[in-house]
Amino acid sequence: MRTARRCTWPLSGLRNGQAGDRSKSGQATCDGTIYKETTGFMSPYPGGFLLPEPENRKSCEALWPPFLAPADAKPAGKWTTVKRTNGESQWAFDDYPVYTSSKDHKRGDVLGGSNSMTGGAMGAVRYPIGPTADIPPDLRLAVFRTGRMLNTHKGFSVYGYDKDAPGKSNCTGACLETWAPVIAPVMAKAEGDWSVIERSPGIGQWAYRGQPLYTNVNDVEPRRVIGTDIPDWHNVYTQRALTPPSDFTVQDADLGQVLADSKGKTIYYYSCNDDAMDQQSCDSPEAPQVYRLAICGNFDPKVCNETFPYVQAQPGEKADSALWSVISIDPNTGKLAQAGQAGALQVWAYRERPVYTYGGDTRPGSVDGDNFGEFNGDRNGFRAFWLRDDFRGNARGRSPGDRR
């Protein structure tokens, strides 16, 4: 039985059209059609161009198998059903048809969809779905590479104070000029990890796992993390991400902090979506490499491997996080190498996509390769692996409802 994470494909507006499933349409768009030409949705590129490797192209439903429902399935809560073009019933969640990903191998994998904030240039992407977060209704979560960070319903970061005692706030007097308690509604009740402490008669403050919660009055934009630079204060996470490979480092960069290799060179990932009707991603070794080769080496693999070299792994290395793995790459094609293939490279991969450094970076923390490519790297190009992005609102994190 398939145990992969479910996802939806909400309709997204592109430059010259729309792609994805319409809410409440009662139908699923992702079917067995094999599209071999561009749509022209992403100007300035016109439609009608033959896509690379059309003989190997798969259908949308082959890459995103539908989560089929029994013929007698009944609606339950946010779960309903829609009809596929072949007449089968498919589950829908929150009014969107639900799919799995052919990239997922085991329970909990999220190797197909993306939970990052995306620009319109990136295309119509798929989003993992899951149970509602166990947080009070007046709070939110933003999903970062560092974990699930707590925010207010307006998106402002929530902090904890190391000098507080369990269930007791020690932030008083002048402290309150900078740090505002996260006030709990009068009717709020303790449940699970959440409790309410009394700051004064009739005034309650939310606490998470006994830790009183605050916002920073100097935060002028949502999802900021600059408050954590103040001694004894830190952003609050409901879940922290597992660490990357042990020989990787974290470097200070001009906008925040980036993940880097053992020598301090910034790590980059490659982003790519094609312009077919089903908006297939082209960022993995299984996809055509012509887009990547065009961007980083003018179709010359040697130049590409010098501009954005793969981050090679040492023999026997592995990471604690399931998001990181070591894969074997043919550097001449960018595709997965055959077992025992001469000249193959063992490289680090994030969500089974290779990661790179940039040949033009000259010092630890340099990010000169960030946004390298089409549409600032959104549609086809390279992006730095940001862990902290202070001056762009930490834009790679998102909260429920951001995409709508």
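# Asking the model to explain itself

Me: Take contacts between residues at least 6 apart in sequence: 64% of them join residues at least 24 apart. What makes two residues count as being in contact?

Reply: They need heavy atoms within 4.5 Å of each other. Bear in mind that this is a predicted model, where local features need pLDDT of at least 70 and side-chain atom pairs count only at pLDDT 80 or more, while totals for chains, interfaces and linings use all residues. Residues are numbered from 1 along each chain as its sequence is written, and side-chain values use heavy atoms, with hydrogens and water left out.

Me: How many helices and strands are there in the chain?

Reply: The chain has 3 helices and 27 strands. Both are DSSP runs numbered from the N terminus: H or I over at least four residues for a helix, E over at least two for a strand.

Me: Why is the chain called as compact as a globular protein of its length?

Reply: Its radius of gyration is 23 Å and the globule rule gives 22 Å for 404 residues; those values are close, so the description fits. The radius is taken over C-alpha atoms, and the rule is 2.2 Å times the number of residues to the power 0.38. Those C-alpha atoms fill a box of roughly 70 × 60 × 40 Å along the principal axes.

Me: What about the surface, and how much of it belongs to carbon and sulfur atoms?

Reply: About 19600 Å² is accessible, and carbon and sulfur atoms own 52% of that. The areas come from the Shrake-Rupley method with a 1.4 Å probe; for residues, only the protein chains shown count as cover.

Me: How far apart are the mean positions of the positive and negative charges?

Reply: They sit 4 Å apart, for 46 positive and 47 negative charges. Lys and Arg are the positives, Asp and Glu the negatives, with His and the chain ends not counted. Each charge is placed at NZ of Lys, CZ of Arg, CG of Asp or CD of Glu.

Me: Why is Asp-274 called buried?

Reply: Buried means under 20% relative accessible area, exposed over 50%, and partly exposed in between (1.4 Å probe, protein chains only). Asp-274 has 5%, so it is buried. It lies in the loop between β21 and α2, and among the residues it touches are Leu-51, Arg-57, Tyr-291 and Arg-379. The C-alpha atoms of Asp-274 and Thr-39 are 9.6 Å apart, with those positions 235 residues apart along the chain.

Me: Which class does Ser-284 fall into?

Reply: Its relative accessibility is 5%, so Ser-284 is buried. Ser-284 is in the loop between β21 and α2 and touches Lys-103, Gln-289 and Arg-353, leaving out residues up to four places away in sequence.

Me: What makes Asp-252 exposed?

Reply: Its relative accessible area is 57%, so Asp-252 passes the cut-off for exposed. This residue is in strand β19 (residues 249–252). Beyond four places in sequence, Asp-252 touches Gln-257, Pro-364 and Gly-365.

Me: And why is Asp-138 called partly exposed?

Reply: It has 21%, which lands between the two cut-offs, so partly exposed is the right label. Asp-138 is in the loop between β7 (127–128) and β8 (139–144), where its contacts include Thr-152, His-153 and Trp-206.

Me: What makes a group of residues a nonpolar core?

Reply: The members are buried Ala, Val, Leu, Ile, Met, Phe, Trp, Tyr and Cys residues joined through side-chain atoms within 4.5 Å. The largest such core has 22 residues, and Phe-308 and Val-367 have the most contacts inside it. Elements giving it two or more residues are β21 (268–272), α2 (290–297), β22 (324–329), β23 (345–350) and β26 (380–384). The largest share, 3 residues, is from β21. Apart from this core lies another, of 14 residues, including Leu-14, Phe-41, Met-42 and Trp-64.

Me: What is the phi of Arg-223?

Reply: It is positive, about 60°, although Arg-223 is not a glycine. Most residues other than glycine have a negative phi. Arg-223 lies in the loop between β16 (214–216) and β17 (233–235), and at 13% relative accessible area it is buried.

Me: Where is Glu-352 found?

Reply: Glu-352 is in the loop between β23 and β24 (353–356). Its phi is also positive, near 65°, and its 25% relative accessibility makes it partly exposed.
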